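Please look over the sequence and the three-dimensional structure shown here, and then read the report that follows.

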Amino acid sequence: MENFKDTSLLIAPVDCESIVRARAEFIEALTASFEQLRNAEAAYDAANIAQGVGVYRSPRFCGLPKHRFNTPHGHEIDDLDKFIKGFDAQAWDFVLDACGLKSFMGSKELGEWEERVYSKNTLCFELPVVRTAMSEMVSKRMDSLGRSVADVYRSFSWDRESKRPKAMSKRLAVSMAWRPDELMDGGKVRLVDDLLRALHVIDGVRPPAPREAFGYKQCAAKAVDVDGLENDFVRVQGFRNGSLHLHFKNLAALEALNTFAIQSLAPRGGDTIPVN
């Protein structure tokens, strides 16, 4: 898209081959550990000391839970696959952080991704899979950004009659977003994060990590210190009535974001959008 900065510069290289090698070593060591634990259980059973009603005569008393691998999550000894999936999920999460692809995701997509990581529902971290998946995600990064921008404009700057985005001007008012004692609408402040993240990306600047973003931290703290937020793109004011006012400072980035919004969301054939 013309007039936009080269967002490929926001994608950093990551040494995935080293992670794949470490994964193989992890699986080898874990498999050996499981075998040693099975041998320990067999030796315990052979001792035949758990018979009778002795209070302390149990595998658990000597730190060897019967048929359990001694971890906080209590995975079955034979369930090696769960440990591998846990490694894979954390590896993928690290790579998406390190390479910068999370910069293109909105809060909704980031939440869905975090759920996949938590449930260990990611692809296996093997080199052919990694190369294919990373190539696809990098090539579709602007589609991901487009979905995030769509959510922002539909919530903050949308013409309901024409069902088209409205161009944001120098100031954006977000009503009922917060109040001094607690968050009123965590969804709205996370959309503010999505907006700020998109401004960074459109201008070719790596945004703060998702967990360092304004809305995420305010939601986590259940408090708002909005008057402390100012960067090269925006200054945020908070009012006692719960409104947030965003004063845009980088108007070139804002104009580029408006252009991106119309190209992503407006019906084909339209070349203008109403000004908010």
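## Confidence and local detail

In this predicted model, pLDDT stays under 50 over residues 67-75, a stretch for which the model nevertheless has 20 contacts beyond four places in sequence. The pLDDT also stays under 50 over residues 268-276, where the model has 25 contacts beyond four places in sequence. For the protein as a whole, the average pLDDT is 80, and 75% of the residues score at least 70. The table sets out the two elements that mark the ends of the range of mean pLDDT.

| Element | Residues | Mean pLDDT |
|---|---|---|
| strand β5 | residues 182-183 | 53 (lowest among the elements) |
| helix α4 | residues 127-139 | 96 (highest among the elements) |

Helix α5, which covers residues 141-156, allows a simple check of length: at 1.5 Å a residue, its 16 residues should span 22 Å, and the end C-alpha atoms are 23 Å apart, which agrees with that expectation. Several residues of α5 are buried, among them Arg-141, Leu-145, Val-149, Tyr-153 and Phe-156.

Turning to a single residue, Thr-122 has its place in the loop between α3 (107-118) and α4. Is Thr-122 buried or exposed? The relative accessible area of Thr-122 is 16%, and because a residue counts as buried under 20%, Thr-122 is buried. The side chain of Thr-122 reaches the backbone nitrogen of Ala-89 at 3.5 Å. Leaving aside residues up to four places away in sequence, Thr-122 touches Asp-88, Ala-89, Trp-92, Trp-113 and Arg-116.

Terms used
Residues numbered from 1 in each chain as written. Heavy atoms only, no water. pLDDT = per-residue confidence, 0-100. Helix = DSSP H or I, 4+ residues; strand = E, 2+ residues; numbered from the N terminus. Contact = heavy atoms within 4.5 Å. Expected span 1.5 Å × (residues − 1). Buried < 20%, exposed > 50% of the residue type's maximum accessible area, 1.4 Å probe, protein only. Polar contact = N/O pair within 3.5 Å; in protein donor to acceptor, adjacent residues only side chain to side chain.
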